[in-house]
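Here are my notes on the model, as numbered points. Please read them with the coordinates open.

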Amino acid sequence: MKKIALHWKIMIGMILGIVFGFIMTTISWGKGFTGDWIAPFGTIFVNLLKLIAVPLILASLIKGISDLKDISKFKTIGGRTIVIYVITTIIAITIGLLIVNMTKPGDGITSETIEKLTAEYASNEKISERLAEADKQKESGPLQFIVDMVPQNAIAAMSDNKLMLQVIFFAIFLGISMLLINEKHAAPLKNFFDSLNEVVLKMVDLIMLTAPYAVFALLANVVVTSDDPDILLALFKYAAVVFSGLLLMIVFYCLLVLFITKKSPLWFLKEISPAQLLAFSTSSSAATLPVTMERVEEHIGVDKEVSSFVLPVGATINMDGTSLYQAVAAVFIMQVLWPEGLTFSNQITIVLTALLASIGSAAVPGAGMVMLVIVLEAIGFPADKLPIGLALIFAVDRPLDMMRTVINVTGDATVSMLVAKSVGKLGEPHIKEWDDHYEEVK
């Protein structure tokens, strides 16, 4: 009997999770049962992915750099990666601005809906946290993001997934230093990281065996904890505009894959789909990173020299989906609460601020709203209306966060293919299964 492909198993798990969640919302004890007995399995799965993210980045990046034998190659890969990420982010923001200005979703929001949303969310604890976090980031200097990249303590940086840029910096520094010493002296350390890389990739394979059950738990919990359906309906037009923009980004990535790498876009989407589905379920490109790296290297054929740098950096600074959302959300809020602020110069400011805010933004759920506050404050949005503005979109932020994370991950995979193609490192897939050596040890 033919085995069902992983992406189909995950898809089935997602559908069953959504159906189960809706059934639980009709039962008085359903929400409590899901929270107590179903949701923990999703949490464990996400924790496992986060558990191996830092070891994988460390081992993969150090192995990739130490295999180069030539520092100039790393400079080429790094330079092209940053340039392409900046270009795709600007395109994403521009697409968002064009769609939201053409469709004007804010025009359909009534004063009654604004009042209801304000009463429901304006004093929400999570909104207060996002505002406080944005204030903290705003107070930092222009070069603070560079300061934040350099860790005081490498071990401390590895203990916090939010400090991914610091881990990347340390791994690059260590990898380059290994290139600069005698090969005989570097060999034991290189062998250690080569071995660690193989072990962590095998851990990814084992964790992915539970993915269909985990996404069932994650989606069921999302459904039972979702907000008032009437409010979601009122914000449907805004959500549809964001969703349309995100779909256009998928089309854009497929065109890049087709015309630059000469690969089939349908094949690309099929191979990366497990990472996309996990990104949707977890709302975290950092948690999805181990799976993205495994799919890109083994199933798409991007050489580890490229993927080990492009993907971890992308998970931290490449936020195409989030940046597009910034543009749509900022203009939508202005259409409803501050229409006089919708000037051309303010929209140019949105492009620049969203681009800068995406660099170093945490690759975790909710970071997009912190970036949105920074964008709105940059264009002089009235401070007293900020909580109301966030309340306006808070109800649909979670499902949109899930969708924009899919775009972030797809963008990372696309750029890794483009960079690999440009340096002659896009080869044939070499798929490894979890049980390749099982017969030897059972």
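**Notes on selected helices**

1. Helix α14 is mostly covered, with 16 of its 16 residues buried. This is a predicted model, and the values below are computed from it.

2. How far does α14 span between its end C-alpha atoms? The helix runs over residues 285–300 and spans only 19 Å, where a straight helix of 16 residues would span 22 Å at 1.5 Å a residue. There is also a kink in α14 of about 35°, centred on valine 291. Just after the helix, glycine 301 has a positive phi of about 100°.

3. Helix α13 (residues 265–282) and helix α20 (residues 397–422) cross at roughly 145°, and their axes come within 8 Å. The crossing of α13 past α20 is right-handed. On the α13 side the contact includes Trp267, Phe268, Ile272, Ala275, Gln276 and Ala279, and ends with Phe280, Ser281 and Thr282. On the α20 side, the residues include Arg398, Met402, Met403, Val406, Val409, Ala413 and Met417, with Thr405, Thr410 and Thr414 also taking part. By class, the residues of this contact divide into 12 nonpolar, 6 polar and 1 charged.

4. Serine 281 deserves its own point. It lies in helix α13. Is serine 281 buried or exposed? Serine 281 counts as buried because its relative accessibility is 1%, and the cut-off for buried is under 20%. Leaving out residues up to four places away in sequence, serine 281 touches Met14, Val215, Leu218, Leu219 and Arg398. Arg398 is also listed on the α20 side of the α13 contact. Proline 399 is 118 residues from serine 281 in sequence, yet the two are 9.6 Å apart in space, C-alpha to C-alpha.

5. A second helix pair is α16 (residues 320–337) with α19 (residues 386–394): the axes come within 10 Å and cross at roughly 115°. Here too, α16 passes α19 in a right-handed crossing. From α16, the residues Tyr325, Ala329, Phe332, Ile333, Val336 and Leu337 meet Ile388, Gly389, Leu390, Leu392 and Ile393 of α19. What classes do the residues of this contact divide into? They are 10 nonpolar and 1 polar, with no charged residue.

6. A general remark helps when reading the residue lists above. An α-helix has 3.6 residues a turn, so residues three or four places apart point the same way.

Conventions. Residues are numbered from 1 along each chain as its sequence is written. This is a predicted model: local features need pLDDT of at least 70, side-chain atom pairs count only at pLDDT 80 or more; totals for chains, interfaces and linings use all residues. Side-chain values use heavy atoms; hydrogens and water are left out. Helices (H or I, at least four residues) and strands (E, at least two) are DSSP runs, numbered from the N terminus. The expected span of a helix is 1.5 Å times one less than its number of residues. The bend at a residue is the angle between axes fitted to the seven residues ending there and the seven starting there. Buried means under 20% relative accessible area, exposed over 50%, partly exposed in between (1.4 Å probe, protein chains only). Axes are lines fitted to C-alpha atoms, for helices over the stretch in contact, and angles run from 0 to 180 degrees between N-to-C directions. A crossing is left-handed if the near helix is turned anticlockwise from the far one by less than a right angle, and right-handed if clockwise. Contact means heavy atoms within 4.5 Å. Ala, Val, Leu, Ile, Met, Phe, Trp, Tyr, Cys and Pro count as nonpolar, Asp, Glu, Lys and Arg as charged, and the others, Gly among them, as polar.
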